[in-house]
Amino acid sequence: TDHTMTSPSPPPLLHHHQCATARLLSWSTWHCPTWLLWMLWAWLGTAWAHQHSHPHSIKIPGDITLGGLFPVHAKGPSGLPCGEIKKEKGIHRMEAMLYALDQINSDPDLLPNITLGARILDTCSRDTYALEQSLTFVQALIQKDTSDIRCSNGEQPIIRKPERVVGVIGASASSVSIMVANVLRLFEIPQISYASTAPELSDNNRYDFFSRVVPPDSYQAQAMVDIVKALGWNYVSTLASEGNYGESGVDAFVQISREAGGLCIAQSMKIPRDPKPGEFDKLIKRLMETPNARGVIIFANEDDIKQVLEAARRANLTGHFKFVGSDSWGAKSSPILDHEDVAEGAVTILPKRASIEGFDQYFTSRSLENNRRNIWFAEFWEDDFRCKLTRPGIKLDPEKKKCTGNERISRDSPYEQEGKVQFVIDAVYAMAHALHNMHQDLCPGAIGVCDKMDPVEGRLLLSYIRSVNFNGSAGTGVLFNENGDAPGRYDIFQYQMTNTSNPGYRVIGQWTNNLRLNVEEMQWSGGDRQIPDSVCSFPCRPGERKKMVKGVPCCWHCELCDGYQYQADEFTCEMCPFDMRPMPNRTACRPTPIIKLEWHSPWAIIPVFLAILGIVATLSVVITFIRFNDTPIVRAAGRELSYVLLTGIFLIYLITFLMIAEPGAVVCAFRRLLLGLGMCITYSAMLTKTNRIYRIFEQGKKSVTPPKFISPTSQLVITFILISIQVVGVFIWFGVVPPHTIVDYEEQRPPNPELARGILKCDMSDLSLICCLSYSIVLMVTCTVYAVKSRGVPETFNEAKPIGFTMYTTCIIWLAFVPIFFGTAQSTEKMFIQTTTLTVSMSLSASVSLGMLYIPKVYVIIFHPEQNVQKRKRSFKAVVQAATMSTRLSQKSNSDKQNGETKLEPDRMQ
């Protein structure tokens, strides 16, 4: 296919501004507002004037002409529209369109007998410049009234009629496509982009004539959100190049992440269109304000990506940030050149593609001789082979070698097919298939273009474009949805340097409406297989609840569930039931261990030892008394009351075993019964004895008649009446509150729940225990009072003084018992201390009674039997008289001692 370089500028005789100003635009079909008419008028004039000085476009003749927009050159420095040539994004993609046209035109089954031509323009990677260039496509749709235009010689100007463009392939950058789409839709010229992915281009109301063979960034953003979640990240920052692509991509990512939930944006920053020196260092510094957000989502152009990596290296943050790059990063080597270590581990995304072998063969075979239709190919040749072509009038740069023309692509220069080549070919084929289907419907059987397709109606062609469905150059389906978007199909790459013979991008997964990611194939800085963290707050440990940071749902503080709380859910701590305590990790409650006083406990060993000694001693006394039951000492001691008293002492010792035994209904019943009964029996007998003695000697002072109720039988009756009061009280207690066991969880509930214990005990509170003993204490105090009153009675005749000493000592013991018993209320071992104190006090009081009243008698009976003989029996009157005289003598003796005299009086009673 031959080519021509054309310029739509007027002949030299006509001044540019005169012709541009003289053009009057008239609309034949479309009715547009006046302001738009004047705007297009101004634009068109500017564009024509500009193209006269820069006649850079490729014209491929054909029956039907397609437009093409490619970023052949980079954005120029200030004041210049175009900069250096872009080999991959520019030349590769543009040659892909030429290749596709060649393939279609040589295909007998696709558009037979119809040749596709092209008008290809350079956008110079700038949206405003691209808009000026794209006005070339609408020139043929504007009828021009040139009747009033005259050249300097008075003749009418010769203005070449521009070719009619039925559809446009392009553009590359989203910002350029948006700018161009706004004009093309006015003239109903369909447009298919091969690289523009901005989500806003999916708006079918604003960009109704725009379609694309690449998925929009909203799909890409969804894929990136899925990747971030698959990596377990929930706190990331975003970086976007200023412009439609970067900003809309980040906006889509933020919107999708907000809808999905569980993902928070730490910082969202924009890279200015013309960054000032130090701008990227400031961006890195701001990113470090949230150091936990190591994941950085980046929608930026190649230059900005390179600058970000360079700034990260300057800040000595190599390996800190983990980038997730959009398709603008893709699998390109240029953005990471010389910064591979900073980019290591970066996860990037690229629309699913395949390398087109046919294009590789086509492109590597291009040379200066066989590719003259590409007016920029010579410039590409110089840049690719780093040489200089000789041109007439241009001096050769001595620093650069001269191009021979025999160089070959891929042989003498590195070559790798640019990633969007496949999509350029698919875009051209989509247009061709739409035209083919349209031709079959409108021109059945016709050879060439029929009248119904001359001109091609744009809106009708758009409907055919949206209906195409064919296998593209890579074997994947090419089709469009109602918004003109292609389905989302992405390859996911990771840049890896370690543990690989060939450092570079490695495919680690793919996304087609859902993510398939091979996490086991991923590796990070230094070859680490462990996925780095990018979270605001690390998960709370078991037993800790989350206290959310207001306004940031991914950030929280962890608070330990303390005391007896457990973690009910991730946000709440609740108290365990009263009979339970939290697990060691505080994730649930467990039953509190139940304890009781064990026999082997030190708190039990001492009371049991004392009780055993006491029981042995008591039984020894009883046996001795039974053995010598009729001897004078036993009879003088009052056999009947002595056996009752010894029974009480035995029961006092016995209660120790009931207090230590495992609580149960029977044990608790006997505790209630015997706890006060033993003391009641003992002190009832003692009270009866002291009362008898007191009454005898008080009666003797008045008369020689003995008092009533001093016989043994009377004494027993009095004793049992006193005892019955205690027994009746206990049985009333049984009826009101039946004996049972309880588990006390409050007594041993220290701040540390690991030490918490439930204590199995009888249902006897401290108050009920004191009430149970209170009657015995009354008897004890009353007995003490009588012992005091009977202190003057000679010990030769009675037991008043031993009983008195017994009661004094017993009172001292029980006075010591009260503060010990109630002073341990706050102790964690309260029950053990109180039980031990109670049993020891009772054993001591029993031992005092036994020791004072009966041990001396047993000693005499066993070791001095000669004293255990019947003495002269005296009458009650003689006894009382002797006692009275003894009392008087004692009082007189005390009086004499006070006067300093001591006289010896004979014992008249002997």
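This section describes the overall make-up, disulfides, nonpolar cores and helix packing of a predicted model.

The protein has 910 residues, of which buried residues make up 50%. Its secondary structure comprises 24 helices and 31 strands. Among contacts between residues at least 6 apart in sequence, 69% join residues at least 24 apart.

A search of the whole structure for disulfides returned 9. Three of these links are described here in turn. In the pair formed by Cys-264 and Cys-554, the sulfur atoms lie 2.0 Å apart. This pair links distant parts of the chain, since Cys-264 belongs to strand S12 (residues 264-271) and Cys-554 to strand S24 (residues 552-560), with the two positions 290 residues apart in the numbering. The torsion about the S-S bond of Cys-264 and Cys-554 is about 85 degrees, and the disulfide is therefore right-handed. Both cysteines, Cys-264 and Cys-554, are buried.

Strand S24 also contributes Cys-555 to a disulfide. The partner of Cys-555 is Cys-536, and the sulfur atoms of the two are 1.8 Å apart. Cys-536 is placed in the loop between strand S22 (515-517) and strand S23 (544-549), and the two cysteines are 19 residues apart. A torsion of about 115 degrees about the S-S bond of Cys-536 and Cys-555 makes this disulfide right-handed. Cys-536 and Cys-555 are both buried.

The third link joins Cys-387 to Cys-403, with an S to S distance of 1.8 Å. Its handedness is right-handed, with 95 degrees about the S-S bond. Cys-387 lies in strand S16 (residues 387-388), whereas Cys-403 lies in the loop between strand S17 (401-402) and helix H13 (421-442), so the disulfide ties together parts that are 16 residues apart in sequence. Residues under 20% relative accessible area count as buried. Cys-387 is therefore buried, at a relative accessible area of 0%, and Cys-403 also counts as buried because its relative accessibility is 8%.

The nonpolar interior was examined next. In soluble globular proteins, nonpolar side chains tend to be buried together. In this model, the largest nonpolar core has 67 residues, and Met-97, Leu-116, Leu-435 and Leu-461 have the most contacts inside it. Helix H13 supplies the largest share of this core, namely 13 residues. When neighbours within four places in sequence are set aside, Leu-461 is in contact with Val-166, Pro-190, Met-431, Ala-434, Leu-435, Met-438 and Val-456. A second, separate core of 57 residues includes Val-644, Ala-685, Cys-783 and Leu-850. Of these, Cys-783 counts as buried because its relative accessibility is 0%. Cys-680 likewise counts as buried, at 0% relative accessibility.

A further buried position is Thr-656, which has a relative accessible area of 0%. Thr-656 is located in helix H17 (residues 639-660). Not counting residues up to four places away in sequence, Thr-656 touches Pro-607, Val-608, Ala-611, Thr-839 and Ser-843.

Packing between helices was considered for two pairs. Two packed helices are described by the angle between their axes and the distance between the axes. Helix H19 (residues 712-736) and helix H20 (residues 766-789) pack at an angle of about 170 degrees, with their axes 10 Å apart. Angles over 145 degrees count as roughly antiparallel, and H19 and H20 are therefore roughly antiparallel to each other. On the H19 side, the contact involves Leu-722, Ile-725, Gln-726 and Trp-733, which meet Ser-768, Cys-772, Tyr-775, Ser-776 and Leu-779 in H20. The residues of this contact comprise 6 nonpolar, 3 polar and no charged.

Helix H22 (residues 830-853) and helix H23 (residues 855-863) have axes 3 Å apart and pack at an angle of about 40 degrees. This angle makes H22 oblique to H23. Leu-850, Gly-851, Met-852 and Leu-853 in H22 meet Ile-855, Pro-856 and Lys-857 in H23. The residues of the contact of H22 with H23 divide into 5 nonpolar, 1 polar and 1 charged. Leu-850, which takes part in this contact, is also included in the second core.

Notes
Residues are numbered from 1 along each chain as its sequence is written. This is a predicted model: local features need pLDDT of at least 70, side-chain atom pairs count only at pLDDT 80 or more; totals for chains, interfaces and linings use all residues. Side-chain values use heavy atoms; hydrogens and water are left out. A disulfide is a pair of cysteine sulfur atoms within 2.5 Å. Helices (H or I, at least four residues) and strands (E, at least two) are DSSP runs, numbered from the N terminus. Buried means under 20% relative accessible area, exposed over 50%, partly exposed in between (1.4 Å probe, protein chains only). Contact means heavy atoms within 4.5 Å. A nonpolar core is a set of buried Ala, Val, Leu, Ile, Met, Phe, Trp, Tyr and Cys residues joined through side-chain atoms within 4.5 Å. Axes are lines fitted to C-alpha atoms, for helices over the stretch in contact, and angles run from 0 to 180 degrees between N-to-C directions. Angles under 35 degrees count as roughly parallel, over 145 as roughly antiparallel, 65 to 115 as roughly perpendicular and the rest as oblique. Ala, Val, Leu, Ile, Met, Phe, Trp, Tyr, Cys and Pro count as nonpolar, Asp, Glu, Lys and Arg as charged, and the others, Gly among them, as polar.
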